[in-house]
Amino acid sequence: MLWIKDHLLALVEQYGVIALFFSITLETLGLPLPGESALVASSAAAGAGKLSIWHVVIAAYAAAVLGDNIGYLIGHRYGKAVILRYGARIGITHDKYMRVEEITAKYGPFMVIAARFIVLLRQLNGLVAGSSGMHWAKFLIANLIGAALWVGLWSTLAYKFGHDVSIVPWIWNHLSLIAMVVFPLLLLLIAVLYWRVRWRKHDITEN
């Protein structure tokens, strides 16, 4: 994992958006790959003129949506028991799965939107949503929104600073710090949307 991260810029320069696509797709299936770092590196490379930013955005968005939906289908078809039986080989433990399952039960599709910005949720949200019986249409809509916000944030940030290569290690080292700012804002947005829906249902019921 550390070796891949340390040499990610070289891999991106050599394989371009192909490396980005597979890194993000496989990360969303639970594999311990640096999908977020790959997005940052690719966007920074685009800012330096080595890649097309549109190719980066399209590849990242397609991979994020595809990977999560493959995870959803696996979870829906095989269920939690099978996933935990074989997932332990790639780090999908019972405790991790239960933690994401509890969050999914509490926040539903809103969790899928925020999941993109949190490491554990990003890797397991599709599998858990599928195995817990979340309706696919709800999952897909939330997944499309979450992927757009995630790709939009990191690609814009890294692309803007891509002309200065020294900023890329700084972004990597502060991914968690930036996420700490973004995630509470997402939670606030989710809470506002949730309560708006509840009040709307309440008003309809009273009328």
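Where is the place of Ile-18? In this predicted model, Ile-18 has its place in helix 3, and that helix is a good spot to begin our tour of close-up views.

**View 1. A nonpolar patch on the surface, with helix 3 as its main contributor.** Look for Tyr-15, Ile-18, Phe-22 and Leu-26, which make a nonpolar surface patch of about 400 Å². Helix 3, residues 17–27, gives the largest share of the patch, three residues. Is Ile-18 buried or exposed? Ile-18 counts as exposed because its relative accessibility is 53%, and the cut-off for that word is over 50%.

**View 2. An edge-to-face pair of rings, Phe-21 and Phe-22.** The structure holds two aromatic pairs. In the pair shown here, the ring centres of Phe-21 and Phe-22 are 5.6 Å apart and the planes stand at 90°, so this pair is edge-to-face. If you wonder which numbers to look for, a pair of aromatic rings is described by the distance of the centres and the angle of the planes. Phe-21 has a relative accessible area of 24%, so Phe-21 is partly exposed. Phe-22, which you met in the patch, is also partly exposed, with a relative accessible area of 48%.

**View 3. A stacked pair of rings, Tyr-72 and Phe-139.** Here the planes meet at 25° and the ring centres are 5.0 Å apart, so Tyr-72 and Phe-139 form a stacked pair. Follow the chain to find where each ring comes from: Tyr-72 belongs to helix 5 (residues 53–87) and Phe-139 to helix 9 (residues 136–160), so the pair ties together parts that are 67 residues apart in sequence. Are these two rings buried or exposed? Tyr-72 counts as buried because its relative accessibility is 5%, and Phe-139 counts as buried at 0%. The cut-off for buried is under 20%.

**View 4. An arginine over a ring, Arg-116 and Trp-150.** Find Trp-150 and look at the face of its ring: Arg-116 lies over that face. The distance from Arg-116 to the ring centre is 4.7 Å.

**View 5. Helix 4, a mostly covered helix.** Helix 4 runs over residues 35–47 and has 13 residues. From its first C-alpha to its last, helix 4 reaches 18 Å, close to the 18 Å expected at 1.5 Å a residue. How many of the residues of helix 4 are buried? The count is 13 of 13. Continue along the chain to Gly-49, just after helix 4, where phi is positive at about 85°.

Definitions and conventions: Residues are numbered from 1 along each chain as its sequence is written. This is a predicted model: local features need pLDDT of at least 70, side-chain atom pairs count only at pLDDT 80 or more; totals for chains, interfaces and linings use all residues. Side-chain values use heavy atoms; hydrogens and water are left out. Patches are made of residues with over 30% relative accessible area and no salt bridge: like charges are joined within 9 Å, nonpolar side chains (Val, Leu, Ile, Met, Phe, Trp, Tyr) within 5 Å. Accessible areas come from the Shrake-Rupley method with a 1.4 Å probe; for residues, only the protein chains shown count as cover. A salt bridge is a side-chain nitrogen of Lys or Arg within 4 Å of a carboxyl oxygen of Asp or Glu. Helices (H or I, at least four residues) and strands (E, at least two) are DSSP runs, numbered from the N terminus. Buried means under 20% relative accessible area, exposed over 50%, partly exposed in between (1.4 Å probe, protein chains only). Rings of Phe, Tyr and Trp (its six-membered ring) pair if their centres lie within 6.5 Å; planes under 30 degrees apart count as stacked, over 60 as edge-to-face and the rest as tilted. A charge sits over a ring if NZ of Lys or CZ of Arg is within 6 Å of the ring centre and within 35 degrees of the ring normal. The expected span of a helix is 1.5 Å times one less than its number of residues.
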